[in-house]
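Me: Please take a close look at one part of this protein with me. I'd like to see how its pieces fit into the whole chain.

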Amino acid sequence: MGRVKIKKKSTFIDMTAMSDVTVLLLTFFMLTSTFVKPEPVKVNVPGSVSEIKIPETNILQILIAQDGKVFMSLDKQGDLEQLLGAMGQEYGVQFSAEETKKFMVASTFGVPMKNMKAFLAQPEEKQSELLKSADAGIPTDSLDNQFKAWVRNARAINKDLRIAIKADATTPYSVIKDVMNSLQDLRENRYNLITTLKTTSEE
């Protein structure tokens with residue numbers, strides 16, 4: 001006698017529950033993650049053994065490039081709106097609603113106040129190019145220290161701001177010292193230095 005052939009049954013797996021879980025996880029990560037803001041210059045921060053984490057909100061970040069240019073960023077659009085208005089009033093510059101809106105969505109700012117209106121008049125792609133030009137950077141010299149004005153007004157707007165300095169490892173110490181001296185003049189003696197984590201065995 002021949003062998004009896006057993007009819008194969010098709011296997012059906014209901015993937016509805018798995019799809020629901022996948023969508024829920026994807027939605028959760030999208031809503032809880034924070035996007036990294038683009039920076040006008042690439043900064044290779046020095047290493048340290050400190051494991052203190054900087055808060056994610058109420059941060060005034062000071063970015064110091066390798067060539068000594070200083071840029072700044074805030075994490076709240078409401079603070080940016082008030083800050084531009086305060087700086088405009090101090091330097092006698094009137095900003096329109098459209099210019100203020102552009103400044104509020106800018107990830108990083110760093111041009112002299114005399115060039116701010118021309119900077120905000122450019123599209124976002126052009127602004128990124130201007131921040132890499134030779135004329136970019138917030139003035140920190142003793143004759144026109146606009147950096148101190150930005151920090152002073154930002155602190156007046158938000159008392160809970162934490163200051164974080166992110167400088168390139170090859171930035172001249174004199175530039176970083178000027179920034180720190182300006183902060184001390186404003187009695188801002190507490191700030192964080194952004195570094196990369198390294199082990200104690202590294203040199």
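Reply: Happy to! Among contacts (heavy atoms within 4.5 Å) between residues at least 6 apart in sequence, 70% join residues at least 24 apart. This is a predicted model, where local features need pLDDT of at least 70, side-chain atom pairs need 80 or more, and totals for chains, interfaces and linings use all residues. Numbering runs from 1 along each chain as its sequence is written, and side-chain values use heavy atoms, without hydrogens or water.

The protein has 7 helices and 6 strands (DSSP runs numbered from the N terminus: H or I of at least four residues, and E of at least two). Along the sequence they follow the pattern α-β-β-β-α-α-α-α-α-β-α-β-β. Of the 203 residues, 37% are buried (buried is under 20% relative accessible area, exposed over 50%, partly exposed in between, with a 1.4 Å probe and protein chains only).

Let's zoom in on strand S3, residues 70-74. This strand is mostly covered, as 5 of its 5 residues are buried. In a regular strand, side chains alternate between the two faces of the sheet. Here Val70, Met72 and Leu74 point one way, while Phe71 and Ser73 point the other way, and all are buried.

The partner of S3 is strand S2, residues 59-64, and the two pair in the antiparallel sense over 5 bridges (pairing needs at least two DSSP bridges). One of the matched positions is isoleucine 64, whose bridge partner in S3 is valine 70. S2 and S3 form a hairpin with 5 residues between the strands. There, glycine 68 takes a positive phi near 95°.

For a second covered spot, turn to glutamine 146 in helix H6, which spans residues 146-157. This residue counts as buried because its relative accessibility is 4%. A polar atom of the glutamine 146 side chain lies 2.9 Å from the backbone nitrogen of methionine 113. Methionine 113 also appears among the contacts of glutamine 146 beyond its neighbours within four places in sequence. The rest of that list is Met87, Tyr91, Val111, Pro112, Ile138 and Pro139.

To put the two views together: the strand S3 has 5 of 5 residues buried, and glutamine 146, in helix H6, is buried as well.

Terms used: A polar contact is a pair of N or O atoms within 3.5 Å; within protein, one must be able to donate a hydrogen and the other to accept it, and residues adjacent in sequence count only if both atoms are side-chain atoms.
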